Amino acid sequence: MILITGATGTIGSELSRQLMARDVPVRRMTRKPLPGFVQGDFDDPVSLRKATDGVDTVFLLSAPGPRVPDHDRALVTAAIDTGVHRVVKMSAIGSTDAEMPGNWHVSGERAVRESGLAWTILRPTGFASNVLRWLPAVRTGQPIPNQTGDGQHAFIDPADVASVAAEALVSGAHDERTYTLTGPELLSVPDQVAVLSDVLGLTLQVVDVPLNLYAEQLRAAGLDEAVVSVALRGAELIRRGAERTLTTDVEQVLGRPARTFRQWIETHETLFRRDLADGRR
């Protein structure tokens, strides 16, 4: 039995789908009660022990933020107490780099490594799916906001992250391994917009968003100041070319190259076109 935390999120939902398609027994955890899910709260040790009871392997993912270290340690403690054998932790690229914002995953990675359990750590780059935030601008014909200038990043298809996680969860071949998961190419936001324009047959524009304005927008959206600080630092690092990491770890695990950003757009083209059609009604 595999417990998937963060089961309703981008990675957790896709990972659940892939494992269930392989007839792997899955228990999906969510903080709020939902049919077909087990309820578990990282701040409630009793609920975590119930969620991990009878589980062999845990996929550990909690929402980004300053509580990640506490959540990771709580889940690892529950896993040890209930006899879990393996944990696969979702971390983030650069999580041990002193320059990286937040460093929220350092403590959790340490807890996993020192747990005595079999472990694998996954450090993905930014997700290709983050461009779904552009849907309102595409629908209304507005320029797409760009907070990272001409800085490039190796955006990854979340389905590839989930596929790597699935392999690590079902096979001991990836124990005591840390994988940095990237897409196969470096792209700037203007590069991404060019791909989206080509696939949709539209002429999409880009507008630069200064970091001070970006900060105001994040605060206006009600984000915690710690999250705002991390988002700004991450954007600044990409802007100055400090986030250009490329690896072949996805291919090493899956036996095929990571999917390109264009492949992700083409796979989800219908979603963009449906949104455009709805906006015209």
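This report describes the overall build of one chain and then a few of its residues. The model is predicted.

**Overall build**

The chain holds twelve helices and nine strands. Its radius of gyration is 19 Å, close to the 19 Å that the globule rule gives for 281 residues, so the chain is as compact as a globular protein of that length. The C-alpha trace spans about 55 × 40 × 35 Å along its principal axes.

Of the 281 residues, 48% count as buried. The surface that the chain exposes comes to about 13000 Å², and carbon and sulfur atoms supply 50% of that area. Among contacts with a separation of 6 or more, 76% are between residues 24 or more positions apart.

**Five residues by accessibility**

The table lists the place and the relative accessible area of each residue discussed below.

| Residue | Place | Relative accessible area |
|---|---|---|
| Lys 89 | strand 5 (residues 86-90) | 1%, buried |
| Gly 40 | loop between strand 3 (38-39) and helix 2 (45-52) | 3%, buried |
| Ser 115 | loop between helix 4 (106-113) and strand 6 (118-124) | 13%, buried |
| Glu 176 | loop between helix 6 (158-170) and strand 8 (177-181) | 59%, exposed |
| Asp 23 | loop between helix 1 (10-21) and strand 2 (26-30) | 69%, exposed |

**Buried residues**

Lys 89 has a relative accessible area of 1%, under the 20% cut-off, and therefore counts as buried. Its side chain forms a polar contact of 2.9 Å with the side chain of His 105. Leaving aside neighbours within four places in sequence, Lys 89 is in contact with Leu 60, Val 68, Asp 72, His 105, Gly 108, Glu 109, Val 112, Thr 120, Ile 121 and Leu 122. His 105 thus appears both in the polar contact and in the contact list of Lys 89.

Ser 115 is buried as well, at 13%, and is found in a loop rather than in a helix or strand. A polar atom of the Ser 115 side chain lies 3.1 Å from the backbone nitrogen of Leu 117. With neighbours within four places in sequence left aside, Ser 115 is in contact with Val 76 and Ile 80.

Gly 40 is another buried loop residue, with its loop leading from strand 3 to helix 2 and its relative accessible area at 3%. Beyond neighbours within four places in sequence, Gly 40 is in contact with Met 29, Thr 30, Arg 31 and Ser 47. The C-alpha atoms of Gly 40 and Ala 51 are 6.2 Å apart, and the two residues are eleven apart in sequence.

**Exposed residues with positive phi**

Asp 23 has a phi near 60 degrees, which is a positive value in a residue other than glycine. This residue is in the loop between helix 1 and strand 2. At a relative accessible area of 69%, over the 50% cut-off, Asp 23 is therefore classed as exposed.

Glu 176 also has a positive phi, near 55 degrees, and is likewise a residue other than glycine. Its loop runs between helix 6 and strand 8, and Glu 176 is exposed, with a relative accessible area of 59%.

**Aromatic rings**

With ring centres required to lie within 6.5 Å, the number of aromatic pairs is zero. A charge over a ring does occur: Arg 28 lies over the face of Phe 37, at 4.2 Å from the ring centre.

Definitions and conventions: Residues numbered from 1 in each chain as written. Predicted model: local features only at pLDDT ≥ 70, side-chain atom pairs only at ≥ 80, totals over all residues. Heavy atoms only, no water. Phe/Tyr/Trp six-rings, centres within 6.5 Å; stacked < 30°, edge-to-face > 60°. Lys NZ or Arg CZ within 6 Å of the ring centre and 35° of its normal. Helix = DSSP H or I, 4+ residues; strand = E, 2+ residues; numbered from the N terminus. Buried < 20%, exposed > 50% of the residue type's maximum accessible area, 1.4 Å probe, protein only. Polar contact = N/O pair within 3.5 Å; in protein donor to acceptor, adjacent residues only side chain to side chain. Contact = heavy atoms within 4.5 Å. Rg over C-alpha atoms; globule rule 2.2 N^0.38 Å. Areas by Shrake-Rupley, 256 points an atom, 1.4 Å probe, with all protein chains shown as cover.
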